[in-house]
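Student: I am new to this structure. Could we go through it in short questions and answers?

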Amino acid sequence: MALHLFNTLSRSLEPFRPASPEKVGVYACGPTIYDHAHVGNFRSFVFYDLVHRYLEWRGYPVRFVMNLTDVDDKTIRAAREEGRTIQEHTSPFAESILADADALGILRADGYPRATEFVEEMIELVQRLLDRSHAYRTEDGSVYFDITSFPGYGKLSRKKLDEVRQGERVAADEYEKDDVRDFALWKAAKPEDREVGAVWEAPWGEGRPGWHLECSAMSLSEVGETVDIHLGGEDLIFPHHEDEIAQSEGATGKPFVRYWLHVKHLRFADEKMSKSLGNTVTVRELLDDGVDPAALRHQLLSAHYRSELAFGSDGLEASTRAVQRLVDFRDRLRDAEVDAQAPPLELDVRARETLEEFRRAMDDDLNAPAAMGALFRFVGEGNTLLDRGNDRLPPQEAKAGLELLSSLDRVLGVVELADGSRSVDASTRDWVEERIQERERARRERDFQRADAIRDELAQQGIVLEDSPKGTRWKRVSGGQPVG
RNA sequence: GGCGCCGUGGCCAAGUGGUAAGGCAGAGGACUGCAAAUCCUCGAUCCCCGGUUCGAAUCCGGGCGGCGCCUCCA
């Protein structure tokens, strides 16, 4: 079976066929960088990363781009409040968001274009739309897209034009449009735009780009006229993506996007997490509170992207333990005794089966929860087999098992993250070893009170001991209590 | 009002026609000095009511409940 994706455009599962085998172009709608990103945003970004990683795992050459919106109503308002230019205001947030992305093990994109870097391209795009009579200028120097000039308008969101409620938009809009449903390509400069440096020169007057123009311009120049996959949150379907299609196809006459994928919202305290509802939690806050980044990543992958994900501390707690189970199993397998004479456990057979199950799940519209189900089934059965074999197995089986784990983790990215936050420096290592030896002496003398005191002391530092007939093993675990 | 989604064991969550993956939590047991890790055992008539079918969590109709979009939003 080949990879299948649910295309919002057709509302159905379609086999994935990129326009060209040479390069798969992916454009992801990124954040507006006027504030720190919250967990809901990162549900999307982690999903984008899953797409990125899975396409590469599947062997596609990928060009993956995510934009950063650094000029719009919100950035302008926020910059004014701080008395800064939009540039000054947004730059730190771009850094903060990329830092959070790193913390969650998100692969770097091939590019993070910012709207303000593509104003020239946007102006050209507007000009093309004017030339092709898809747009018109108004007296104040703004430019609007004429949606009646684009017959396909509404095809993504499945809205009928005459059903769009018009009253509120008229009241809310202070510009002069021919038709209230038209949207701005270029907004004539206002004093508050000038204050924060959000003004550019254009043939039809000074102003700034409209709401949706940046994605079209950057997508066209950074990925190409036809993008294979365009990613975004479900809230962007209308009007953002609908307008992008109109602009882009209006300008190029070519299909803009082959596959539209939209992520459902994160639910937090029974409603969607969003800034306007004021129920957001930032990634930064969670990490500062000691949440294991690997657990957060695991949690964000634990529901299918087209389902709502109920976010909360119970889930984070469950994910923390689930991640530890993966790490423990990997360590157990890595430390197992390999011996060509060992009786076969057939772990390699299970590894092959698991790989197939994993691929089948991911091929089915990137079903990460089902894919992780296959992984955990392997862990459970693997533990049983190792128990049976007394942690001794043939080398090729150990190798097959470890390779499977690392292969699946190239997609999931959970174990590598967990390893990162569990690393221990040399001096701590020495200290731990020393304390363990001391505890061993106490145990030999059957001074269990003292032995337990040492164990507790280590536990306070996040070091957990596991006694076994082969000696005492130790590991670092993630500490801290999730909030929410 | 228009469009759409969802309702699976205590929590989270796969499965969408052949009688219920997985994670977490819980109970009992094995192992352990005690733990930890691990293993074994235990738990769901899949919101309700009808219908289609040899057979439905899965399809259809109705109901109840929750959520999203229609406006900035991942």
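Student: Which residue forms a salt bridge with Glu195?

Tutor: This is a predicted model, so every value here is computed from it. A salt bridge needs a side-chain nitrogen of Lys or Arg within 4 Å of a carboxyl oxygen of Asp or Glu. For Glu195, the closest N and O atoms of the pair are 3.3 Å apart. The partner is Arg80.

Student: How many residues apart are Glu195 and Arg80?

Tutor: Glu195 sits in helix α6, residues 191-195. Arg80 sits in helix α2, residues 73-82. The salt bridge links distant parts of the chain, and the separation is 115 residues.

Student: Is Glu195 buried or exposed?

Tutor: Exposed means over 50% relative accessible area. Its partner Arg80 has 39% and is partly exposed. Glu195 has 52% relative accessibility, so this residue counts as exposed.

Student: How many salt bridges does a search of the whole structure find?

Tutor: The pair of Glu195 and Arg80 is one salt bridge. Arg330 and Asp331 form another, at 2.9 Å from N to O. The search of the whole structure gives 44.

Student: Are Arg330 and Asp331 buried or exposed?

Tutor: Buried means under 20% relative accessible area. Arg330 is at 13%. Asp331 is at 11%. Both values fall under the cut-off, so Arg330 and Asp331 count as buried.

Student: Which helices hold Glu357 and Arg377?

Tutor: Glu357 and Arg377 form a salt bridge, with the closest N and O atoms 2.6 Å apart. The two residues are 20 residues apart in sequence, and they lie in two helices, so the pair ties those parts together. Glu357 is in α12, residues 347-363, and Arg377 is in α13, residues 368-388.

Student: What are the relative accessible areas of Glu357 and Arg377?

Tutor: Partly exposed lies between the buried cut-off of 20% and the exposed cut-off of 50%. Glu357 and Arg377 both count as partly exposed. The value for Glu357 is 22%, and the value for Arg377 is 42%.

Student: Which residues do salt bridges with shared partners join into one network?

Tutor: Start from the salt bridge of Arg330 with Asp331. Salt bridges that share partners bring these two into one network with others. The members are Arg330, Asp331, Arg334, Asp335, Asp419 and Arg473.

Student: Which residues gather in a patch of negative charge on the surface?

Tutor: Asp and Glu count as negative. A patch member needs over 30% relative accessible area. Glu433, in helix α16 (residues 426-444), has 35% and is partly exposed. The patch holds Asp425, Asp430, Glu433 and Glu434.

Student: Why is there no disulfide between Cys29 and Cys215?

Tutor: A disulfide needs two cysteine sulfur atoms within 2.5 Å. Cys215 holds the closest cysteine sulfur to that of Cys29, but this is too far for a bond. Cys29 is buried at 4% relative accessible area, and Cys215 is buried at 2%. The distance that rules out the bond is 3.7 Å.

Student: How many disulfides does a search of the whole structure find?

Tutor: Cys215 is in no disulfide. The search covers the whole structure, and the number of disulfides is zero.

Student: How many residues of helix α8 are buried?

Tutor: Take chain A as background: buried residues make up 54% of its 484 residues. Helix α8 covers residues 237-252 and is mostly covered. Of its 16 residues, the buried number is 14.

Student: Which peptide bond is cis, with omega near 0°?

Tutor: Look in helix α8, where Pro239 is found. The cis bond leads into this proline. The bond runs from Phe238 to Pro239.

Student: What is phi of Asp365?

Tutor: Asp365 is in the loop between α12 and α13. Asp365 is buried, at 1% relative accessible area. Phi is positive although the residue is not glycine, and the value is near 55°.

Student: Where is Glu346 found?

Tutor: Glu346 is also a residue other than glycine with a positive phi, near 65°. On one side of its loop is β14 (337-338), and on the other is α12. Glu346 is in the loop between β14 and α12.

Student: How many helices and strands are there in chain A?

Tutor: The C-alpha trace of chain A spans about 90 × 50 × 35 Å along its principal axes. The chain has 17 helices and 17 strands.

Key
Residues numbered from 1 in each chain as written. Chains lettered and ligands numbered in written order. Predicted model: local features only at pLDDT ≥ 70, side-chain atom pairs only at ≥ 80, totals over all residues. Heavy atoms only, no water. Patch = residues over 30% accessible without salt bridge, like charges linked within 9 Å, V, L, I, M, F, W, Y side chains within 5 Å. Areas by Shrake-Rupley, 256 points an atom, 1.4 Å probe, with all protein chains shown as cover. Charge placed at Lys NZ, Arg CZ, Asp CG, Glu CD. Helix = DSSP H or I, 4+ residues; strand = E, 2+ residues; numbered from the N terminus. Buried < 20%, exposed > 50% of the residue type's maximum accessible area, 1.4 Å probe, protein only.
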